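Here is an informal walk through one protein chain. Take a look at the structure first, then read on.

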Amino acid sequence: MTKHLPVPPHLFSRGDEAPAMTQQDIDRLFARCFSSDDGKKVLAHLQVMTFARAHGPDISDTHLRYAEGQRALVASVMRMVDRGRSSR
């Protein structure tokens, strides 16, 4: 069974408190994670898995929604990487 690591609570804001990290901080973290050769290969693999895949006409609505969710997540990661690289 896969063991999930707990999310450190200090990474998120609580109510009226100032956020622990800004979006710019998060963007920089994503850029740093995907700046190595391995990170670039992983991001390229995610792009191929999500954007270069074609579904046939028999795809179910549920599966199509799942695939679009995957694409949206990868697109969000790519935007954060781009913003993080440009804010350096």
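## Starting from the middle helix

Gly39, Leu43 and Thr50 are the buried residues to look for in α2. Together they span an arc of only 35° around the axis, so they sit on the same side of α2. Turn to the face pointing away from that buried side and you'll find the exposed residues Asp37, Asp38, Lys41 and Val48. And what do the buried residues of α2 pack against? Their partners are α1 (23–33) and α3 (61–86).

Keep in mind that this is a predicted model.

## The overall layout

Stepping back, the protein chain has 3 helices and 0 strands. Starting at the N terminus, the order of elements is simply α-α-α. Of the 88 residues in the protein chain, 16% are buried. The protein chain exposes about 7100 Å², with carbon and sulfur atoms supplying 60% of that area. Now take the contacts between residues at least 6 apart in sequence: 60% of them join residues at least 24 apart.

Here's how two of the helices span out, from first C-alpha to last:

| Helix | Residues in helix | Reach | Expected at 1.5 Å a residue |
|---|---|---|---|
| α2 | 15 residues | 21 Å | 21 Å |
| α3 | 26 residues | 37 Å | 38 Å |

For α2, which covers residues 37–51, the reach is close to the expected value. The reach of α3 is close to its expected value too.

## A closer look at Thr50

Thr50 belongs to helix α2. Is Thr50 buried or exposed? With a relative accessible area of 4%, Thr50 is buried, because anything under 20% counts that way. Its side chain has a polar atom 2.8 Å from the backbone oxygen of Leu46. Which residues does Thr50 touch, once its neighbours within four places in sequence are set aside? Those contacts are Gln70, Arg71 and Val74. Two of these names, Arg71 and Val74, come up again among the buried residues of α3.

## The α3 side of things

The buried residues of α3 are Ala67, Arg71, Val74, Ala75, Val77, Met80, Val81 and Gly84. They pack against α1 and α2, and the buried residues of α2 in turn pack against α1 and α3.

## Asp27, over in α1

For a look at α1, try Asp27, which is found in that helix. Asp27 has a relative accessibility of 5%, so it counts as buried. Leaving out neighbours within four places in sequence, Asp27 is in contact with Met80, Arg83 and Gly84. Met80 and Gly84 are both listed among the buried residues of α3.

What joins the side chains of Asp27 and Arg83? It's a polar contact of 2.8 Å. Asp27 can also be paired with Val77: 50 residues separate them in sequence, while in space they are 8.8 Å apart, C-alpha to C-alpha. Val77 is another of the buried residues in α3.

Conventions. Residues numbered from 1 in each chain as written. Predicted model: local features only at pLDDT ≥ 70, side-chain atom pairs only at ≥ 80, totals over all residues. Heavy atoms only, no water. Helix = DSSP H or I, 4+ residues; strand = E, 2+ residues; numbered from the N terminus. Buried < 20%, exposed > 50% of the residue type's maximum accessible area, 1.4 Å probe, protein only. Contact = heavy atoms within 4.5 Å. Areas by Shrake-Rupley, 256 points an atom, 1.4 Å probe, with all protein chains shown as cover. Expected span 1.5 Å × (residues − 1). Arc of directions from axis to C-beta. Polar contact = N/O pair within 3.5 Å; in protein donor to acceptor, adjacent residues only side chain to side chain.
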